[in-house]
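Welcome, and thanks for taking a look at this one. Please open the structure beside the text and follow along as the briefing goes from topic to topic.

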Amino acid sequence: KYQYIEMNSPDSKITVELVNKKKRKKKTWLQSPDQINWKKIFGLRFLILCCLLGTSALVGWGSFYFLTTITAEVEEEQYNSITSRLSNQIIARVDGTITILQVVRNALIFYCPNATVWPKCGMPMDYYAEFTDSLLLLISMRTLAFAPMVRPEKIPEFEEFAYDFLEENGRTDLGLSPFGKGIYGVNETGRYHMTNSTKNGMFDMLFPIFEAGDLENNEAAIMYNIYDELYRTTAIDYSINCIKGNLQQDCTSITDIIHLVQDPIFRPAGLIVLPFTLNNTDDIYGIVYTAINWDTVLSEGEVDSNYESHITVVLSTGVDSYTFEYKNGQAVFKKTGDHHDKKYDNR
């Protein structure tokens, strides 16, 4: 019956016409501006604005939390993948190295089976180089060397044999030190002639390096008494005591971080050492060992180049720590000590 029609009046008042289709009577309600409840209107607007801001903040925080959680999970997965690969690589390297050391040990025992010959045992250098260099290709190692055990009273006799052997093999340039010919050790002043056993080891013996694989890069090691420096003697003592205690046990040992005498600058390195006996006795006749540089070992972990620039490796031995960083796919020694970013302490 009724129709509402909106009207605009000249004085800006609100007019509504109520029309009866039959009688068309007109009725008007007027409301002045000062009668409008502006507080309620602005309060309502403010409430709506707060709701919008709160909703936006909640959505933003939720998105941030979600993305942060996803990023952390991805980082954790990448971290576990990289560390697992490096760990497996190192374990595989050590296991493979032990096997190769056993091959070299067996070859030396086969070549000099008579105990009375030792320590005056040496393979022809060309043959030794051909034999060990082929083994070095199997696993990336610095060298494969052996050192006969020499009692202090046998030093002059062994030195005479050693330099006659080097001359017969056309290598009179090897085993020379500032003091001349002879077994040498290293102290704060450089090389010195060793005429007695070291004070660092448990046993009264010397182990001068006599032959080495990849000789071109390891010439400086010839005639160096490996049973001299503390970390080397500690590893050798462990292996000797292991052999004397249980002949059936694997008695390979690894040194703490050392500086190889053939390296002009410090590159964290280690020796994997295996003493050997003859005729199922516990008498030690020599040592075979390999030298490894830890930057080389870590570089074999096949780290993804997309992440390598963000990876720091800290090698801790219980005595000290050594920090490496990846550059162009290679682990590079940075400095001694633990210098990783502290925000990753939870790793």
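**The three-stranded sheet**

Strands 12, 13 and 14 make up an open sheet of three strands, arranged in the order 12-13-14 with antiparallel pairing. Strand 12 (312-316) and strand 14 (330-336) are at its edges, and each has a single partner strand, so one side of each is left without a neighbour in the sheet. Please keep in mind that this is a predicted model.

- On average, neighbouring strands of this sheet are turned by 30° against each other, direction ignored.
- Strand 13 (residues 321-327) runs antiparallel to strand 14, and six bridges join the two.
- If you would like a pair to look up here, F324 stands opposite F333 in strand 14.

**The five-stranded sheet**

- A further open sheet is formed by five strands in the order 8-3-11-10-9, and its pairing is antiparallel.
- Which strands are at the edges of this sheet? They are strand 8 (211-212) and strand 9 (253-254), each of which pairs on one side only.
- Strand 3 (residues 143-148) and strand 8 run antiparallel and are joined by two bridges.
- F146 has E211, in strand 8, as its bridge partner.
- Helix 2 (residues 125-136) packs on the sheet, where it touches strand 3 and strand 8. The direction of helix 2 makes about 135° with that of strand 3.
- Helix 4 (residues 230-245) lies across strand 9, strand 10 (269-277) and strand 11 (284-293). Relative to strand 10, helix 4 runs at about 30°.

**A hairpin**

- Strand 6 and strand 7 form a hairpin, with two residues between them.
- How many bridges join strand 6 (residues 184-187) to strand 7 (residues 190-193)? There are four, and the two strands run antiparallel.
- Within this hairpin, G185 stands opposite Y192 in strand 7.

**Q262 and its contacts**

- Q262 sits in the loop between strand 9 and strand 10.
- Is Q262 buried or exposed? Its relative accessibility is 14%, so Q262 counts as buried, the cut-off for buried being under 20%.
- The side chains of Q262 and N218 are joined by a polar contact of 2.7 Å.
- Leaving aside residues up to four places away in sequence, Q262 touches R142, N217, N218, A220 and A221.

**Backbone points to check**

Some background helps here: most residues other than glycine have a negative phi, and most peptide bonds are trans. The places below are worth a look with that in mind.

- W118 and P119 are joined by a cis peptide bond, with omega about 10°. P119 belongs to the loop between helix 1 (38-111) and helix 2.
- D214, a residue other than glycine, has a positive phi, near 50°. D214 lies in the loop between strand 8 and helix 4.
- With 27% relative accessibility, D214 counts as partly exposed.
- M223 is not a glycine either, yet its phi is positive, at about 75°. M223 is found in the loop between strand 8 and helix 4.
- What is the relative accessibility of M223? The value is 0%, so M223 counts as buried.

Conventions: Residues numbered from 1 in each chain as written. Predicted model: local features only at pLDDT ≥ 70, side-chain atom pairs only at ≥ 80, totals over all residues. Heavy atoms only, no water. Pairing = 2+ DSSP bridges. Contact = heavy atoms within 4.5 Å. Axes fitted to C-alpha atoms, helices over the stretch in contact; angles between N-to-C directions. Buried < 20%, exposed > 50% of the residue type's maximum accessible area, 1.4 Å probe, protein only. Polar contact = N/O pair within 3.5 Å; in protein donor to acceptor, adjacent residues only side chain to side chain.
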